[in-house]
Every structure is written in structure tokens, then in C-alpha cells.
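Thanks for making the time, everyone. I've got one model to show you today, and I'd like to walk through its aromatics and its cysteines.

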Amino acid sequence: TYWSKSLTWQAFLGTMIAAVLAKVTKSGFTTLNTSGFIEFPDKDASFSFWELATFASLAIATGLLGALFVYGIKRMTLFRRAFFQLRAPTKTTRRMRICEVLAVVVFSTAICFWPAAAVGCRPLHVHEEDSGRHLMGGDHDGPPDLSGGLCAPGSYSAMGSILLLPKEAAIKALFSKEMADGAFLDISSLLASYVIIYFTTILTFGSALPVGLFVPNILAGACLGRSYGVLLRQWGLDVHEGVYALMG
């Protein structure tokens, strides 16, 4: 990293103070929960000792994919620097960058919407009193609600929930063990979402758009990790898919 040590420690100290203050504020300034700052939607989220081996294998896979991601970011940055003449931009290259932004916005919107729409919706086991149409990821107690959005009342889209929900709601859903009304995030939807997020992040980072890497990487890693957890459950192992989403 190019950060100085003093700046790193200042950022770390400021982050810790903000995290503690957020914890205390959330409890109404009554208690400070010292069990940890990562709050799972499921209070009983845990793992067994033998799962350390599966976490290690997941870490190897995500580490290799992360290295490939960094290489892709580097190659895309070098390409943009040469193609748009970023060291000495001209009026033409500035206009070209504006055109690139428009192309990236249109492509990112299409690649997040149309695959989810093409896959279609799945039925939910909805109670009659809860069958009205509403926005995905709305504030409510209990397991995450994936209904609404692309789909008609009583149905949901797994890919749509990951790609089109507000990112904090999508991450909360990925960290949860179960969804409301019998919804399920299957392996194919998780892996397809991972591929879309992975490559669109490489494409958009470095453009003239205010985009970042932190939240997309959390979301992509959670998709990959949860797909591993779902696979282990299909093999008959008692694991918490949300924990694997966090490990990813």
C-alpha cells in the first residue's frame, strides 16, 4: 500500500470509534454488545471446528480469484490510460470518456436486469394476508423478504434479489440462513450473480463514474461463499450458508 503508517493508524482508530459509537447508538445508549461487530440476521449463526478446513479451501479459491481480479483491474487501467490518453487528455478523449460512461451505464443496467428477467420467477408460499405487492428488501422483522420487484405477488427472483436489491439488503439476505415464505438462493443464481458482479466491477472501476470496490467485492464474495455453503448442505452437511457468505 502507498498509505503511510500514521495515516493507516489514524484511519483504523477513527473506524473503531465510529463502530463503537454506532453500536452504542443502536442500543439506545443503554448497553454495548461486545460479542462482535458483525451482526448476522440469525442470532444463532455459528460453525463447527471441522468447518475450518472448508473455510481454508474457500479462502484459497477466493484468493486466486481475487488475484485474477486485481490483474484484470490493472490491465483495464493500463488500457484506459493509453486509449484515452489520460496523461495528456484532449477534447476528443474527454468526449470519448463521456461516451464510455454512457455505454458502461447502459451495459451494467442491461446485464443486471435482463438475465434475471430471462430466468423468470418462482412461486412463494405466501400467507393470504401477506400477498400484496411490495418492494423487495423492505424494512420488516424476520427473515429477508425476496418477493416483489421483477415478479408478480406471490413469486420471487433469486438473481433479481441479488442484483437489483439495495446492496445492504442483498448482503443481509446472503448472510441469512433462511428467507421468508420459502424463498431460496440456488447455486446457479448465486454463481451467475457472482460472474456478473465480478466482471462488471472490473469494467466500471477506473471509468469516469464514481464507483468503488468495497461493496461489490463483499457482494461477489458473499455470492461465491454462499454457493459453497448451499453445496455442502446438498451433500447432507449441517452448515449455515450465511457464515460461508461471510467467509467468501
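**Rings and sulfurs**

Let's start with Y244, which counts as buried because its relative accessible area is 0%. Before I go further, keep in mind that this is a predicted model.

So who does Y244 pair with? Its ring makes an edge-to-face pair with the ring of Y228. The centres are 5.8 Å apart, and the planes sit at 90° to each other. What I like here is that this contact links distant parts of the chain. Y228 belongs to helix 7, residues 214–234, while Y244 belongs to helix 8, residues 241–247, and the two are 16 residues apart. They also have company: ring pairs join F47, F55, Y228 and Y244 into a cluster.

How many aromatic pairs turn up in the whole structure? The search gives 10. Another one of them is F113 with W114, again edge-to-face, at 4.9 Å between centres and 85° between planes.

Now, are those two rings buried or exposed? W114 is exposed, because its relative accessible area is 55% and the cut-off for exposed is over 50%. F113 comes out at 31%, so we call that residue partly exposed. On your screen, you'll find W114 in helix 3, which covers residues 91–119. And there's a surface feature to go with it: F113, W114, L150 and L164 make up a nonpolar patch, with about 360 Å² of accessible area together.

One more ring before I leave the aromatics. R97 sits over the face of F84, 5.6 Å from the ring centre.

Okay, cysteines. There's one disulfide in the structure, and it's C121 bonded to C151, with 2.0 Å from S to S. What does it tie together? C121 is in the loop between helix 3 and strand 1 (122–123), and C151 is in the loop between strand 1 and strand 2 (155–156), so the bond connects parts that are 30 residues apart in sequence. As for handedness, the torsion about the S-S bond is about -90°, so this disulfide is left-handed.

The two ends differ in how much they show. C121 is partly exposed, at 41% relative accessible area, whereas C151 is buried, at 1%. And if you're scanning for other cysteines, have a look at C223: with 0% relative accessibility, C223 counts as buried.

That's my tour. Happy to rotate the model if anyone wants another look.

Definitions and conventions:
Residues are numbered from 1 along each chain as its sequence is written. This is a predicted model: local features need pLDDT of at least 70, side-chain atom pairs count only at pLDDT 80 or more; totals for chains, interfaces and linings use all residues. Side-chain values use heavy atoms; hydrogens and water are left out. Patches are made of residues with over 30% relative accessible area and no salt bridge: like charges are joined within 9 Å, nonpolar side chains (Val, Leu, Ile, Met, Phe, Trp, Tyr) within 5 Å. Accessible areas come from the Shrake-Rupley method with a 1.4 Å probe; for residues, only the protein chains shown count as cover. A salt bridge is a side-chain nitrogen of Lys or Arg within 4 Å of a carboxyl oxygen of Asp or Glu. Helices (H or I, at least four residues) and strands (E, at least two) are DSSP runs, numbered from the N terminus. Rings of Phe, Tyr and Trp (its six-membered ring) pair if their centres lie within 6.5 Å; planes under 30 degrees apart count as stacked, over 60 as edge-to-face and the rest as tilted. Buried means under 20% relative accessible area, exposed over 50%, partly exposed in between (1.4 Å probe, protein chains only). A charge sits over a ring if NZ of Lys or CZ of Arg is within 6 Å of the ring centre and within 35 degrees of the ring normal. A disulfide is a pair of cysteine sulfur atoms within 2.5 Å.
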